[in-house]
Amino acid sequence: MIPAHIKYLIVGAGIHGLSTAYHLATALKASGRGSGEDVLVIDKGSIAAGASGIACGVIRNNYFQPAMRELMAECVDLWESDPEAYHFHNVGYMQISPESMRSDVAQIAAEQQAIGYESEFIEGADACKKYMRGIFSDWQAEGITSILHEKRGGYANNTASLYGLADKAEAAGVRIMSGTEVTELVSGSNSGAITAVETNKGRITVDEVVLAAGPWVPRLWNMLELPNFIDVKGSDGTVHHDVPMWVYWCLQEGTLGVEPGFGMADDGTMPPVIHVDNDEPLCSDVDGRVLTEDMWGIYYKPDFNFGGIQGGAAPYLVKTPAADVAIDPYGADSPEFIVDDLFAETWCSALAFCQKRYQGQIGKWRKEPSGGIGAFTADSFPVFDRFRDNCYVIADSNHGYKMLAVGKLVAEDILGTPSALLEPFRFSRFAEGKLHPVSNSPFPWS
Ligand SMILES: Cc1cc2nc3c(=O)[nH]c(=O)nc-3n(C[C@H](O)[C@H](O)[C@H](O)COP(=O)(O)OP(=O)(O)OC[C@H]3O[C@@H](n4cnc5c(N)ncnc54)[C@H](O)[C@@H]3O)c2cc1C
């Protein structure tokens with residue numbers, strides 16, 4: 001039975017909804033202002049039914065934007081606080097780059113030092129090759145002139161971590177209801193505040209609502225009657241009119257079905273998550289033809305959860321207007337947004353470009369649907385903000401499995417202690433021209 005009223009209603013049982021619920025519950029109790037019983041999470045599917053449940057699970061700090069980096073440092077602290085419950089593997093992360101990205105990454109390295117985030121920066125082609133061969137003797141990637149080796153971060157097991165978080169929330173008194181879909185947000189007659197949420201199981205009146213709907217956020221944005229096209233003031237002061245607030249990108253990921261042990265470091269340990277960007281031509285490991293002469297990028301890790309070498313490559317822009325994109329069925333069930341044979345060939349060829357052991361392994365590519373879409377904002381960075389007085393929107397622009405701390409900061413904000421870490425992600429930045437700097441990475445999320 002759904003309750004007729006709840007103080008704090010959270011829509012979405014992904015990483016952000018569950019983190020917000022857990023931290024709200026603990027903060028309410030600690031402050032004597034309530035308990036987890038004041039918090040209800042509803043999800044139209046179930047725990048981990050959205051993007052969080054299919055995420056590769058990579059957790060890193062490597063961002064060109066200072067505001068993202070500072071927020072990520074807070075997130076990594078939280079992952080490290082309970083690695084067992086969060087199924088977090090602290091193996092580190094490496095950003096391996098060509099000359100065109102060297103100065104961007106050097107800046108990230110310097111600023112990581114400034115905030116005390118442990119990392120090592122290696123420069124020069126020979127030094128980079130030597131460093132990589134110290135980890136993998138079969139390293140053979142050409143065109144690399146810098147490496148940022150983050151000693152913290154790594155990856156977590158997607159669904160297991162969400163259940164770990166849900167267990168914590170439920171232990172704190174939070175109720176989580178599956179199969180409960182929001183169909184309308186009802187506002188009061190005297191103010192714009194949301195007074196109730198209509199669901200497929202009935203109406204719930206609310207004091208506060210948190211919308212953490214991942215790829216479905218644009219649908220709830222519409223229910224809030226927020227604009228689908230906005231004015232964006234660029235860093236040069238030019239105002240760009242009618243920019244789509246939302247676009248979808250499709251993330252391409254998959255698994256090479258070798259034993260995960262096949263990808264271990266020479267000393268037998270789990271290696272860091274490897275991310276390589278490159279502008280050398282990429283040739284097929286199958287027949288040698290040139291697959292691309294444009295800049296390309298891949299990431300990969302041996303992963304016992306996925307049962308192989310799991311990773312992905314740069315996503316592609318979904319050209320269909322956001323309002324017309326078929327989000328459901330989501331993830332591996334989507335007939336449209338799953339990877340194809342060309343992706344498999346390109347990703348496996350890029351693996352072989354980097355490490356000799358992957359040459360000739362494409363036959364072990366796991367032929368199963370994988371990948372999924374994410375909703376990106378007008379500048380591809382998150383919007384964390386309050387609308388209509390009592391409605392918090394967590395729209396992470398697909399940056400966000402790693403952003404475990406966002407829910408904690410949102411919970412604190414709702415209870416009256418706003419964090420400076422969330423300020424750069426307010427919606428007003430588009431009109432005010434307070435945009436985040438853009439890097440030379442081929443990924444829309446770096
Ligand atoms: C293939 C892929 C790989 C990724 N890999 C990484 C990675 O390695 N590292 C990283 O940091 N990020 C990664 N991301 C991004 C990351 O997964 C997302 O940014 C993050 O999981 C979003 O979390 P969320 O809680 O906002 O949304 P979700 O996890 O999508 O949860 C939203 C929930 O809301 C529910 N919902 C939606 N509409 C309604 C409604 N009307 N009523 C009730 N419930 C509703 C859904 O059922 C869903 O369960 C990846 C994304 C994809 C697609």
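Biologist: How far apart do the C-alpha centres of domain 1 and domain 2 lie?
Modeller: Keep in mind that this is a predicted model. The domain assignment of the protein gives domain 1 as 1-89 + 153-228 + 382-446 and domain 2 as 93-151 + 247-376. Between the C-alpha centres of these two domains, the distance is 27 Å.

Biologist: Nice, and how many residues does the contact take from each domain?
Modeller: Domain 1 and domain 2 come from the domain assignment, and both sides of their contact can be counted. The contact takes 39 residues from domain 2, and from domain 1 it takes 31 residues.

Biologist: Which element gives the largest share of the side of domain 1 that touches domain 2?
Modeller: Helix 2 (66-81), strand 8 and helix 7 (217-223) are the elements that give two or more residues to this side. By class, this side of domain 1 has 15 nonpolar, 13 polar and 3 charged residues. The largest share, 4 residues, comes from helix 2.

Biologist: Let's turn to the ligand. Where does it lie with respect to domain 1 and domain 2?
Modeller: Look at which domains give residues to the shell around the ligand: domain 1 does, and domain 2 does too. Therefore the ligand lies between domain 1 and domain 2.

Biologist: Which of the 39 residues around the ligand come nearest?
Modeller: The residues of the shell divide into 18 nonpolar, 15 polar and 6 charged. Of the 39 residues around the ligand, the ones that come nearest are Gly12, Gly14, Gly50, Ser52 and Gly214.

Biologist: And which element gives the largest share of that shell?
Modeller: Helix 1 (15-31), strand 15 and strand 21 each give two or more residues to the shell around the ligand. The largest share is 3 residues, and it comes from helix 1.

Biologist: Now the sheets. What is the strand order in the open sheet of 8 strands?
Modeller: The pairing in this open sheet is mixed. Strand 6 (119-123) and strand 21 (372-376) are the edge strands, each pairing on one side only, and the twist averages 20° from one strand to the next. Read across the sheet, the order is 6-7-5-16-19-20-15-21.

Biologist: In strand 7, which residue is the bridge partner of Ile96?
Modeller: Strand 5 (residues 93-97) and strand 7 (residues 146-150) pair in the antiparallel sense over 5 bridges. In strand 7, the partner of Ile96 is Ile147.

Biologist: What angle does helix 8 make with strand 15?
Modeller: Helix 8 (residues 341-354) lies across strand 15 (247-256), strand 16 (273-278), strand 19 (296-303) and strand 20 (308-317). Against strand 15, helix 8 runs at about 60°.

Biologist: Why is one side of strand 3 and of strand 4 left without a neighbour in the sheet?
Modeller: These strands belong to an open sheet of 3 strands with the order 3-8-4 and antiparallel pairing. Strand 3 (58-59) and strand 4 (88-89) stand at the edges, so one side of each has no neighbour in the sheet, as each has a single partner strand.

Biologist: In strand 8, which residue is the bridge partner of Ile59?
Modeller: Strand 3 and strand 8 (residues 154-156) run antiparallel and are joined by 2 bridges. In strand 8, the residue paired with Ile59 is Gly154.

Biologist: Does Arg60 count as buried or exposed?
Modeller: Arg60 lies in the loop between strand 3 and helix 2. Not counting residues up to four places away in sequence, Arg60 touches Tyr93, Glu150, Gly153 and Lys402. Arg60 has 25 C-beta neighbours inside 10 Å and therefore counts as buried.

Biologist: How many of the 10 residues of helix 9 are buried?
Modeller: Helix 9 (residues 405-414) is largely enclosed by the rest of the structure. Its buried residues, including Leu409 and Ile414, pack against helix 1, helix 2, strand 12 (202-211), strand 22 (383-387) and strand 23 (391-395). Of the 10 residues of helix 9, the number buried is 8.

Biologist: One more: which residue in the turn between strand 13 and strand 14 has a positive phi?
Modeller: Strand 13 (residues 229-233) and strand 14 (residues 239-244) pair in the antiparallel sense over 4 bridges, and Val232 has His240 as its bridge partner in strand 14. The two strands form a hairpin with 5 residues between them. In the turn, a positive phi of about 90° belongs to Gly237.

Key
Residues are numbered from 1 along each chain as its sequence is written. This is a predicted model: local features need pLDDT of at least 70, side-chain atom pairs count only at pLDDT 80 or more; totals for chains, interfaces and linings use all residues. Two strands pair if DSSP finds at least two bridges between them. Axes are lines fitted to C-alpha atoms, for helices over the stretch in contact, and angles run from 0 to 180 degrees between N-to-C directions. Two residues are in contact if their C-beta atoms, placed from the backbone, lie within 7 Å. A residue is near a molecule or strand if its C-beta atom, placed from the backbone, lies within 6 Å of it. Ala, Val, Leu, Ile, Met, Phe, Trp, Tyr, Cys and Pro count as nonpolar, Asp, Glu, Lys and Arg as charged, and the others, Gly among them, as polar. Domain bounds come from an automatic or database domain assignment. A residue is buried if 20 or more other C-beta atoms lie within 10 Å of its own, exposed if 12 or fewer, and partly exposed in between; C-beta atoms are placed from the backbone.
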